[in-house]
Amino acid sequence: MTLAERDHAVVWHPYTQMQTAPLPIPIVRGEGAWLYAEDGTAYLDAIASWWVNLHGHAHPHIARRVSEQLSTLEHVLFAGFTHPAAVELAEGLLRILPANQRRVFYSDNGATSIEVALKMAFQYFNNLGQPGRQTVVAFRDSYHGDTFGAMSVSARSAFTAPFAALLFDVQFIDVPVPGREAEALAQLDAVLAGHQVAAFIFEPLVLGTAGMVMYEPAVLDALIQRCHAHGALAIADEVMTGFGRLGRLFAADFLQERPDIICLSKGLTGGTMALGATTCTAAIYDAFLSDDRTRTFFHGHSYTANPLACTAGLASLELLLTAESAADRARIAAAHADFTRELAGQPGVRAVRRCGTILAVEFAPNETTSYFSRLRDQFYALGLARGVLLRPLGNIVYVLPPYCITNTELRQVYDVLQAMRELVLHPEAQPTPASLPEYPHD
Ligand SMILES: *Cc1c(COP(=O)(O)O)cnc(C)c1O
């Protein structure tokens with residue numbers, strides 16, 4: 001049996017209809033922006049393996065630091081004990097996060113960083129003697145993860161439908177995309193007037209899963225300002241936007257207003273290991289200090305602050321803060337800008353959005369053809385056939401690469417986007433790919 005067949009016999013994959021999905025591609029090695037399959041095929045990882053990878057695969061600096069840590073201290077429980085990597089990573093994060101962030105609470109991934117943020121916010125008001133403050137405001141098209149709290153504050157969709165009755169109520173407002181800011185502000189005003197709002201949770205400036213939907217810092221400042229005037233907390237979900245993805249280190253660096261809580265994961269370890277962090281202000285932290293033990297934040301995970309993951313985080317941070325990494329991010333942004341100009345006025349494209357190292361092309365399929373429903377699958381197959389890993393969100397194809405990607409490699413990705421545009425214009429010229437999996441979220 002091949003590795004893929006053995007996988008198929010025993011493994012259940014995420015977001016995958018196991019009955020119709022083709023066998024998974026077995027990857028045996030990674031280097032730079034490339035993934036290498038068992039049969040020797042190379043794939044250019046243009047989406048940073050689900051938005052996690054910053055510096056390239058199997059980066060030697062991170063590998064060396066983690067392997068040294070592995071033979072020094074692999075893990076220790078994190079209640080009553082601590083270790084150097086957890087302390088140094090917390091210090092390093094607080095040095096680069098907005099100055100009002102004073103404490104780091106570790107967890108395991110993006111979804112847990114959200115659960116921690118929500119529980120922190122609810123218990124904060126409970127500890128302050130305002131238990132009635134329980135309403136959460138979120139963007140209608142948001143995505144914050146797949147656990148119950150994270151699902152509750154995310155878009156209601158086919159993927160949350162089986163659990164709809166079990167999700168807590170959230171007040172949703174529209175995403176304030178350019179030209180639609182006033183609607184979102186008015187909706188927030190109405191919610192604040194009618195509810196005891198505990199927190200507003202948002203993907204700052206770019207909503208990833210919604211299709212790389214972008215909005216301006218000024219309107220986010222206005223939304224946060226209104227929440228603060230009402231006494232509600234602002235929770236920035238920087239799980240995707242953090243660590244240079246938007247050009248600056250954090251999306252919060254584009255804002256005047258300061259979020260009270262920030263959620264981090266994905267790029268936190270440079271894409272090496274699973275780790276989440278939720279940071280908060282001194283005011284929030286202080287509300288849990290008491291002689292009364294019931295005010296304690298009773299949350300934790302067996303692997304909280306795992307030393308290997310924290311070490312990967314430290315090694316990744318060292319790379320991220322080099323001048324070379326900053327230059328790479330600027331270079332990618334400039335290449336995206338050039339390609340945006342190349343696409344301007346070309347048929348088959350409805351919109352191009354970009355922010356820092358992210359580029360999203362919204363194709364304009366001819367909906368009179370029956371190909372529309374299959375477009376996503378065709379795009380995906382076309383990319384793989386040309387050695388480029390892209391996972392379209394329907395008719396939206398985004399590029400979100402590791403920062404080490406070269407200009408030549410970027411051109412290879414853009415050429416695939418041009419081929420996708422050809423496919424949109426001339427669908428009849430393309431062979432129909434064999435059955436491909438459906439990916440609900442991406
Ligand atoms: C991916 C993502 C999450 C969830 O992170 P996981 O590690 O997959 O649980 C939460 N919020 C945003 C904005 C994300 O992009």
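This report describes the ligand site and the domain arrangement of a predicted model.

## Basis of the model

Local features require pLDDT of at least 70 and side-chain atom pairs count only at pLDDT 80 or more, whereas totals for chains, interfaces and linings use all residues of this predicted model. Residues are numbered from 1 along each chain as its sequence is written, and side-chain values use heavy atoms, with hydrogens and water left out.

## Ligand site

The ligand is surrounded by Trp51, Asn109, Gly110, Ala111, Tyr143, His144, Gly145, Glu203, Asp237, Val239, Met240 and Lys266 (a residue is near a molecule if one of its heavy atoms lies within 4 Å of it). By class, this shell comprises 5 nonpolar, 4 polar and 3 charged residues; Ala, Val, Leu, Ile, Met, Phe, Trp, Tyr, Cys and Pro count as nonpolar, Asp, Glu, Lys and Arg as charged, and the others, Gly among them, as polar.

Oxygen atoms of the ligand pair with backbone atoms: one is 2.8 Å from a polar backbone atom of glycine 110, and a backbone N or O atom of alanine 111 lies 2.9 Å from an oxygen atom of the ligand. A nitrogen atom of the ligand is 2.6 Å from a side-chain N or O atom of aspartate 237. Of the 380 Å² of accessible area that the ligand has on its own, the protein covers 83% (Shrake-Rupley method with a 1.4 Å probe).

## Domain arrangement

The domain assignment, automatic or from a database, gives domain 1 (3–58 + 323–435) and domain 2 (62–320). Their C-alpha centres lie 28 Å apart. Domain 1 contributes 23 residues to the contact and domain 2 contributes 24 residues, where contact means heavy atoms within 4.5 Å.

## Domain interface

About 2100 Å² is buried between domain 1 and domain 2, with carbon and sulfur atoms giving 63%; buried area is the accessible area (1.4 Å probe) that two parts lose on being put together, summed over both. Between domain 1 and domain 2 there are 0 salt bridges (a side-chain nitrogen of Lys or Arg within 4 Å of a carboxyl oxygen of Asp or Glu).

Methods: Polar contact = N/O pair within 3.5 Å; in protein donor to acceptor, adjacent residues only side chain to side chain.
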